[in-house]
Structure formats: C-alpha cells, structure tokens
Amino acid sequence: MFHDRARIQVQAGRGGDGGLSFRREKFVPKGGPDGGDGGRGGDVVLVADAGFRDLSALRSKRVFQAARGEPGRGSGKHGADGVDVEIRLPVGTQVLEDDGLVADLVAPGARVVVARGGSGGRGNRAFATAVRQTPRFAETGLPGEIAELDLRLKLVADAALVGLPNAGKSSLLRRISNAKPKVADYPFTTLQPVLGTVDSPDGRQLTVADVPGLIEGASHGVGLGHEFLAHLERARLLVHVIDAAAGDPAEQFRQIDHELAEYGAGLDQQRQVVVLNKVDLLPEAPELCVQDERIVAVFAVSAATGAGIDDFRRKLFELCPPEPAPEVDPAALADFLVYRPQPRAPTFRILRTDRGFRVQGRPPSSEELEAALRAAGARKGSEVEVGDETLVID
C-alpha cells in the first residue's frame with residue numbers, strides 16, 4: 001500500500017559530561033585538573049533519497065534517537081561526539097511541526113537537521129584559573145532537542161494523470177510506462193497514487209503519476225480528494241484523461257477542471273493535455289468542444305488497442321523537456337529550504353561536583369530544573385547546590 005503521510009518522534013543525543021579529574025602521577029601527588037570536555041550529542045537528520053517511493057518504511061518505526069556524546073576523561077581527553085541518525089525519505093516530502101513548515105525536501109540529496117544534539121559539558125580543566133587552581137566541578141552535557149514531526153509526501157512527477165473514476169488512467173499508464181497498476185472494469189480500481197517511468201528512444205525518461213479518480217467535491221475532501229489532489233501540485237504537466245465513450249467529453253472536462261480550480265494551489269493554471277480514451281468503442285473519434293488556452297494538445301487514443309499511444313508518448317517528451325540541473329552547493333544542502341528557527345541558548349547549566357551537583361544560572365521553573373537534574377544523573381539523596389543553599393533530592 002502507498003503511504004504518503006507519517007508522524008515520527010525524533011530525539012537528538014545528549015551531550016557528554018565534562019570530566020572531573022586531577023592529574024595523578026608518581027612524584028606528582030598534587031597535579032592540576034585534567035578533565036576533558038564531553039562530546040556533542042548526535043543530530044537527527046532527514047535526507048531526500050531518490051530510491052524511496054513512499055513513507056511506508058516509517059509505519060513500523062516511528063521513534064528515532066541519536067546517540068549520546070561520550071564523557072570527557074582524565075589527561076585532558078575529550079569525549080567522542082554521538083553518532084548522528086539519518087532518516088531517508090522520498091523526494092518531495094514536506095516536514096511539519098505544529099502545522100508549521102520545517103523543510104521541503106524537493107531535491108535528491110537535500111538534508112535538514114530536525115533535532116540538534118546537546119553540547120558537551122566542559123571538563124574541570126576548563127575552569128582552572130590563577131585564583132581557582134583546583135576546581136572540583138565539571139559541566140554536565142546539555143540535552144538534545146526533541147520534536148514531533150508530521151511528514152507529508154507530494155509526488156514529484158513530470159506529468160500527472162487526472163480524471164473521473166474509470167476513465168482509463170491506469171490502462172493508459174500501463175501502455176506508456178513500466179508501471180503495472182491494477183486494471184479492472186469498475187470505478188475506483190486505483191486506490192493510491194502510482195508512479196511509472198516512460199522511456200524514449202534517445203534514453204530520456206519521464207516520471208508519470210496516476211492519481212485515483214476524482215469525484216464531485218474532491219476539492220473539499222470528499223473521497224480523500226485533498227490527499228490525492230496534493231500529488232498534482234508538483235507535476236509539470238496535467239494529463240486530463242476522459243472516457244470518450246461515456247458521454248459529452250466537454251462536460252467531463254469541466255467537472256474535473258472545477259475541482260482543480262476549487263482546490264487551488266495553482267492547479268487551475270497548469271498546462272493540460274487532454275486524452276480522449278476508449279475511442280475503440282466509438283465509430284469515430286469525438287471532438288472536444290472546449291476553448292481553453294491551458295490545453296496544449298488533444299489526443300484520441302485507445303489504451304486497450306494502442307491506437308494513438310505512440311503520438312501521445314512523443315508529445316509528452318516534447319512538452320516536458322529536460323530541466324537544467326539546479327545549481328546547489330553540496331556544502332549548503334544542510335540548510336536546504338529550512339524554515340525552523342534556531343533554539344534559544346539555555347538560561348542555566350548543571351555542574352557535576354565531587355559531592356553532587358551545582359546549578360549555575362537561573363532555571364525558568366522548578367519542574368524544568370528537576371527534569372534537567374534527573375536527566376543529568378541526579379538520584380534520590382543527591383546534593384544540589386542552588387545559590388547559597390544546598391538541597392537534597394527526595
């Protein structure tokens with residue numbers, strides 16, 4: 001089954017704690033502090049991969065967590081950074097958080113960091129000064145970001161087939177491409193979008209999408225219309241398939257065109273090719289009595305017998321010429337269409353001491369402070385210094 005929506009939870013790795021250590025060597029009984037810094041937590045990264053067709057891989061796994069940074073050690077050794085988690089998604093996936101757009105992965109290789117790993121804590125060596133030569137504390141690592149994300153796939157295709165149920169869109173796609181959608185003599189045979197690849201004699205390829213048949217009210221969500229129409233937004237060309245044997249072609253055209261206009265998103269401005277299908281069932285091919293500047297070509301074909309298919313296929317390649325490769329700096333792909341604001345710097349830090357923990361700065365609330373202490377490793381009975389007070393966790 002084709003899946004074009006998913007919800008996932010991502011959590012970046014926590015930064016490693018700074019090392020609390022002092023140099024201890026033979027004949028050096030009172031060496032200075034030598035605790036190294038903790039490593040940065042791993043990020044969670046989304047990557048657009050042309051090898052993926054839908055979001056079905058995320059149906060079984062919905063929670064992704066990056067690795068924690070390693071703690072700093074003695075002798076000034078810094079902890080290693082946590083390993084990033086990469087989630088590969090099909091090209092055309094939109095990423096939303098709280099209904100706001102985070103990123104739009106419209107090009108293969110596009111990357112976006114959706115949860116950044118926490119910074120590693122500084123080791124006690126970083127706090128040594130001429131006045132404070134033996135600091136007995138080190139920073140704990142900061143927690144990584146957490147997010148609930150909605151993923152919505154909008155297919156990226158050169159052309160998209162649109163029409164009423166049982167117009168013969170799936171049969172047409174089977175004729176012109178390598179796709180093998182289900183074909184039967186009843187409406188709504190196609191229940192999810194299908195992608196096919198059309199080959200030309202010179203080696204070019206086009207991607208054509210078959211969208212399930214639309215019914216009246218689809219622009220308002222009837223029959224999952226919103227979900228299906230969304231896959232038409234990025235097509236370079238709309239192929240309007242009409243059952244020529246089912247009545248007035250002009251009336252069928254107006255019915256679907258009305259739903260496209262009601263949906264919006266520029267679909268009513270798209271270039272269209274009109275395909276009058278099933279002409280083998282008529283004594284002669286009908287005419288489309290519609291004057292519309294958006295219609296760039298009209299074809300009378302039979303997906304059953306193959307009549308007119310070759311001319312239609314050649315015209316597709318003419319109307320969808322090769323697009324110039326976008327000039328995208330690979331080093332800038334991490335910021336490709338990212339709308340997410342940067343997180344604010346923390347207002348407090350937690351230091352690990354030889355007796356427990358110390359809070360530096362002003363936490364926004366007691367609940368957040370308690371959660372941060374628990375995450376830093378504080379347990380029942382741990383001492384916590386807050387200003388001039390020393391508290392014990394219950």
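**A hairpin and a salt-bridge network**

Strands β16 and β17 form a hairpin with two residues between them, where strands (E, at least two residues) are DSSP runs numbered from the N terminus. This is a predicted model, in which local features need pLDDT of at least 70 and side-chain atom pairs count only at pLDDT 80 or more, while totals for chains, interfaces and linings use all residues. Residues are numbered from 1 along each chain as its sequence is written, and side-chain values use heavy atoms, with hydrogens and water left out.

Within the hairpin, β16 (residues 348–353) and β17 (residues 356–361) pair in the antiparallel sense over five bridges, two strands being paired if DSSP finds at least two bridges between them. Phenylalanine 348 stands opposite glycine 361 in β17. Strand β16 also pairs with β8 (residues 137–139), again antiparallel, over three bridges, and there alanine 138 has arginine 352 of β16 as its bridge partner. Five of the six residues in β16 are buried, meaning under 20% relative accessible area (exposed is over 50%, partly exposed in between, with a 1.4 Å probe and protein chains only).

The structure also holds 18 salt bridges, each a side-chain nitrogen of Lys or Arg within 4 Å of a carboxyl oxygen of Asp or Glu. One of them joins aspartate 49 and arginine 88 (3.5 Å, N to O); because aspartate 49 lies in strand β2 and arginine 88 in strand β4, the pair ties together parts that are 39 residues apart in sequence. Arginine 88, partly exposed at 38% relative accessibility, forms a salt bridge with glutamate 86 as well, their closest N and O atoms being 3.3 Å apart. Asp49, Glu86, Arg88 and Arg111 are linked in a network of salt bridges.

Notes
Helix = DSSP H or I, 4+ residues; strand = E, 2+ residues; numbered from the N terminus.
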